[in-house]
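Colleague: I would like to learn how to read charged side-chain pairs and a ligand site in a model. Could we go through them one feature at a time?

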Amino acid sequence: MNKDDLRKKIIIALDVKNKEEAVAAVSGLKDARTFKIGLELFTAEGPALFKKLKVLRKGIFLDLKLHDIPNTVAGAVRSAVRHGVQMMTIHTSGGRDMMARAAEAARETAETEKVERPLLLGVTILTSLKSAELDEVGMKSDVAGQVLRLARLAKSAGMDGVVCSPQEIEMIRKEHGRDLLIVTPGIRPAWAAAQDQKRIMTPAEAVGKGADYLVIGRPITGAASPQEAFARIVEELERPDDPADRKDRS
Ligand code: C5P
């Protein structure tokens, strides 16, 4: 895989509170291609930020984890397509019809507006939820079983892929082969601190297990030189077997 394809695999999480901080982070990462805008930044700045990213020629991953009635979610997807986002997230637990209507809205709007259709990604079980909490909200099955069930539903309802933890990559790949894209956070290079992420993998490990895209925030945005940290991760993906990248985290 060439360097630019590897760069496209890394999505930078813009976990900042306003557009000034977002633009500063994006401007400092000239080789990064795609940036994730989540609830905090979107609620603060709205779609005006999309224009800024487009001027800087960056792709947008809109991570709002939509979950509402099918009509409302389809409407939100149409708006996002018109803004030219490349990827967006939808909760799989919103059900088959909600996802199917979202997929249909994305296809139709992209065709009418003559823009690229965004990739629709299903969120399965939030990794912040433990088994006991799932039980509290009425989900009885084990986490892995529930993730597989929702990934299956996402695929049959027309989602392009799922967001999952690094630990879930292999089981989803095993069942779906290359038919579902896999996007994973919880990534930590061997040289970066784990912070609050618990079940982590290095970038090369996650790609080796079958991840298509890696969502990485603080190891890059919080580094002394974000551009160097980004380049170092791309190099690790280029030569995944280098033992220097595997030394124990200290
Ligand atoms: O800074 P860090 O690399 O931990 O950022 C990871 C990003 O992925 C954050 O935006 C975080 O909200 C998101 N995320 C996560 N774990 C999940 C789902 C999303 O870390 N299960």
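**Salt bridges and the ligand site**

Modeller: Let us begin with a single residue: at 11% relative accessibility, D212 counts as buried, since the word is used for values under 20%. Please keep in mind throughout that this is a predicted model.

Colleague: Which residue does D212 meet in a salt bridge?

Modeller: The general idea is a side-chain nitrogen of Lys or Arg within 4 Å of a carboxyl oxygen of Asp or Glu, and here the side chain of D212 meets that of R178, with 3.0 Å from N to O. The pair links distant parts of the chain, 34 residues apart, with R178 in the loop between α9 (169-176) and β7 (181-184) and D212 in the loop between α10 (203-209) and β8 (213-216). R178, in contrast to its buried partner, is exposed, with a relative accessible area of 60%.

Colleague: How many salt bridges does this rule give?

Modeller: The count comes to 18 salt bridges, and one of them joins D63 and K36 at 3.0 Å, N to O. D63 belongs to strand β3 (residues 59-66) and K36 to strand β2 (residues 34-37), so this pair ties together parts that are 27 residues apart in sequence. Both D63 and K36 are buried.

Colleague: Where in the chain do R117 and D160 lie?

Modeller: The side chains of R117 and D160 also form a salt bridge, at 3.0 Å from N to O. This pair links distant parts of the chain, 43 residues apart: R117 sits in the loop between α6 (96-113) and β5 (119-123), and D160 in the loop between α8 (143-156) and β6 (161-163). R117 is partly exposed, at 33% relative accessible area, while D160 is buried, at 16%. Salt bridges can also join into a network, as they do for D4, R7 and R33.

Colleague: Turning to the ligand, which residues surround it?

Modeller: The shell includes A13, D15, K36, T127, R188, Q197 and G217, and β8 and α11 (218-221) each supply at least two of its residues. K36, already met as the salt-bridge partner of D63, has a polar side-chain atom 3.0 Å from an oxygen atom of the ligand. For D15, a polar side-chain atom lies 2.7 Å from a ligand oxygen, whereas G217 places a backbone N or O atom 2.8 Å from an oxygen atom of the ligand.

Colleague: How much of the ligand's area does the protein bury?

Modeller: Taken alone, the ligand exposes 460 Å², and the protein buries 79% of that. The space that the ligand takes is the largest pocket.

Definitions and conventions
Residues numbered from 1 in each chain as written. Predicted model: local features only at pLDDT ≥ 70, side-chain atom pairs only at ≥ 80, totals over all residues. Heavy atoms only, no water. Helix = DSSP H or I, 4+ residues; strand = E, 2+ residues; numbered from the N terminus. Buried < 20%, exposed > 50% of the residue type's maximum accessible area, 1.4 Å probe, protein only. Near = heavy atom within 4 Å. Polar contact = N/O pair within 3.5 Å; in protein donor to acceptor, adjacent residues only side chain to side chain. Areas by Shrake-Rupley, 256 points an atom, 1.4 Å probe, with all protein chains shown as cover. 1 Å grid on protein atoms, 1.4 Å probe; cavity = no way out; pocket = protein on both sides within 12 Å on 5 of 7 lines; lining within 4 Å. Sits in = over half its atoms within 2 Å of the grid points.
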